[in-house]
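Student: Please take me through one part of this model closely: the open sheet, and then the loops and cavities that go with it. Short sentences are fine.

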Amino acid sequence: MSGSFQFKHFPAELLPQFIQGLPKVDLHCHLIGAIPEQLIAQLAEKHSVPLPCSIEALFEFSEFDRFIQALRLAATVLRAEEDFAEVGYQVLKQAHQKAGVVHLELMFNPQYHLEAGVSYREMVDGLISGLERAAAELGVSYRLIAALDRIIARDQAEGILSEIIANPRQQVAGIGLDGPEGKGPPQLFAWFYQQAKAAGLRCTAHVCEDNQSLIDAPAKNYEVCKELLACDRFDHGYNLLHDSVLLNQAVLNQDVFNVCSVTSVVKNRARRLAAIKAMYEQGLKLTINTDDPAMFKTDMCHSLAILCDELAWGPTEVVALTRNAIDASWASSERKSALHDLLGQYLKRYT
């Protein structure tokens with residue numbers, strides 16, 4: 001944890017106001033899952049993309065597999081560079097205006113859009129155009145993470161990696177890995193990570209997700225991601241609690257886990273919160289994030305408030321998690337310093 005901050009006699013009734021005004025960092029947010037419903041509907045109409053149901057119905061799910069299907073389907077409505085620009089602009093603008101996000105790291109999956117004829121350069125330059133516009137208007141920052149859905153074929157993954165390396169963008173800070181863990185164990189992607197690392201990209205991966213069984217998402221996957229993939233940080237990580245040896249190793253390593261307090265699996269939400277509490281109490285470095293804010297009907301204020309309401313946490317924990325996020329971000333060192341200063345100035349209001 002980067003420093004500590006203790007509040008004395010903080011009135012409980014001020015907590016919602018404190019969370020709302022807090023400058024926040026979201027390190028685990030998926031592009032498609034963050035697009036507002038109405039924008040998905042507009043893009044589907046623009047490109048005559050048939051959807052099997054209304055957008056509202058599409059975003060109603062209670063199981064992980066159903067959510068993944070909805071996510072992949074929603075991705076098909078982005079068909080042109082200008083679509084990516086508008087989506088990037090709206091996602092960053094909404095994150096800031098609704099929840100005070102001052103730095104956002106956004107994961108996008110190139111494989112979702114290649115079949116529609118969108119080139120890697122079109123999607124990444126479109127995103128950067130829209131995100132830069134929002135960043136300039138709002139005084140915020142961002143980074144992009146090019147991620148693979150684990151169902152990808154090796155040849156397609158090779159093609160995407162070639163495009164990422166051949167078209168470097170400062171704003172594309174790293175790579176990620178998502179989708180059902182059991183269908184693509186991390187060791188299958190060691191080659192991808194090794195080449196990306198050699199090209200100067202940072203690395204993260206979804207690992208040990210609690211929406212999947214211990215057979216599909218075992219604690220040992222953390223070890224693979226740490227040792228073989230050389231990940232700089234990790235997304236989720238809840239199933240790590242089932243292996244005390246690896247858990248203790250992660251604590252000693254001071255590894256960062258970008259956890260999310262809202263999940264696609266409704267019946268798993270209480271267990272998810274209990275896991276986050278246990279991870280925090282065991283000494284893991286955590287950040288709190290939105291994952292798929294539009295699809296999960298959440299934002300950073302809501303994601304933090306849930307933890308405070310359900311776990312009896314307060315401003316001390318919220319500030320610790322925020323500082324962890326600033327430190328773990330892939331922003332420049334100058335931007336990190338500015339974010340810490342921004343947070344410090346905000347805290348002066350409450351001391």
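Tutor: In this predicted model, four strands form an open sheet in the order β6-β7-β8-β9, and their pairing is parallel. Strands β6 (206-207) and β9 (285-289) stand at the edges. Each has a single partner strand, so one side of each is left without a neighbour in the sheet. In general, strands of a sheet pair through backbone hydrogen bonds, either parallel or antiparallel.

Take the β9 edge. Its pairing with strand β8 (residues 256-260) is parallel and runs over five bridges. One residue pair fixes the register for you: V256 has K285 of β9 as its bridge partner.

Now the loops that follow the two edge strands. Most residues other than glycine have a negative phi. Two residues here depart from that. C208 sits in the loop between β6 and α11 (220-227). Its phi is positive, near 55°, and C208 is not a glycine. C208 has 1% relative accessibility, so it counts as buried. D291 lies in the loop between β9 and α14 (293-296). D291 is not a glycine either, yet its phi is positive, about 70°. At 7% relative accessibility, D291 is also counted as buried.

D291 leads to the cavities. How many cavities of 30 Å³ or more are there? The count is two. The largest has a volume of about 150 Å³. Its lining takes in 19 residues, and those closest to the centre are H30, F64, F67, D291 and D292. Helix α5 (residues 64-75) gives the most to this lining, with four residues. The lining is mixed by class: six nonpolar, eight polar and five charged residues.

The second largest cavity holds about 50 Å³ of space. Its lining consists of K24, V25, I288, M300, L304, V318, L321, T322 and A325. Three elements give two or more residues to that lining: β1 (24-30), α15 (300-311) and α16 (315-328). Helix α16 gives the most, with four residues. By class, this lining has seven nonpolar residues, one polar and one charged.

Go back to the other edge of the sheet. Just before β6 comes the loop between β5 and β6, where T204 is found. Is T204 buried or exposed? Its relative accessibility is 0%, so T204 counts as buried. A polar atom of the T204 side chain lies 3.2 Å from the backbone oxygen of R233. Beyond its neighbours within four places in sequence, T204 is in contact with a set of residues that includes I145, I175, L177, C231, F234 and W330. Y193 is also one of the contacts of T204.

Y193 takes you into helix α10 (residues 190-198), where it is buried along with A190, W191, F192 and A196. Which elements cover the buried residues of α10? The cover includes β3 (141-149), α9 (154-166), β4 (172-178) and β5 (202-203). After α10 comes G200, with a positive phi near 90°.

To recap, follow the two edge strands, β6 and β9. Around β6, look at T204 in the loop from β5 and at C208 in the loop to α11. On the β9 side, look at D291 in the loop to α14, which is among the residues closest to the centre of the largest cavity.

Technical notes
Residues are numbered from 1 along each chain as its sequence is written. This is a predicted model: local features need pLDDT of at least 70, side-chain atom pairs count only at pLDDT 80 or more; totals for chains, interfaces and linings use all residues. Side-chain values use heavy atoms; hydrogens and water are left out. On a 1 Å grid over the protein atoms alone, a cavity is a set of points where a 1.4 Å probe fits but cannot get out, and a pocket is an open set with protein on both sides within 12 Å along at least five of seven lines; lining residues have an atom within 4 Å of a point. Grid points are joined across faces, edges and corners, and a volume is the space filled by probe spheres set on the points. Ala, Val, Leu, Ile, Met, Phe, Trp, Tyr, Cys and Pro count as nonpolar, Asp, Glu, Lys and Arg as charged, and the others, Gly among them, as polar. Two strands pair if DSSP finds at least two bridges between them. Buried means under 20% relative accessible area, exposed over 50%, partly exposed in between (1.4 Å probe, protein chains only). Contact means heavy atoms within 4.5 Å. A polar contact is a pair of N or O atoms within 3.5 Å; within protein, one must be able to donate a hydrogen and the other to accept it, and residues adjacent in sequence count only if both atoms are side-chain atoms.
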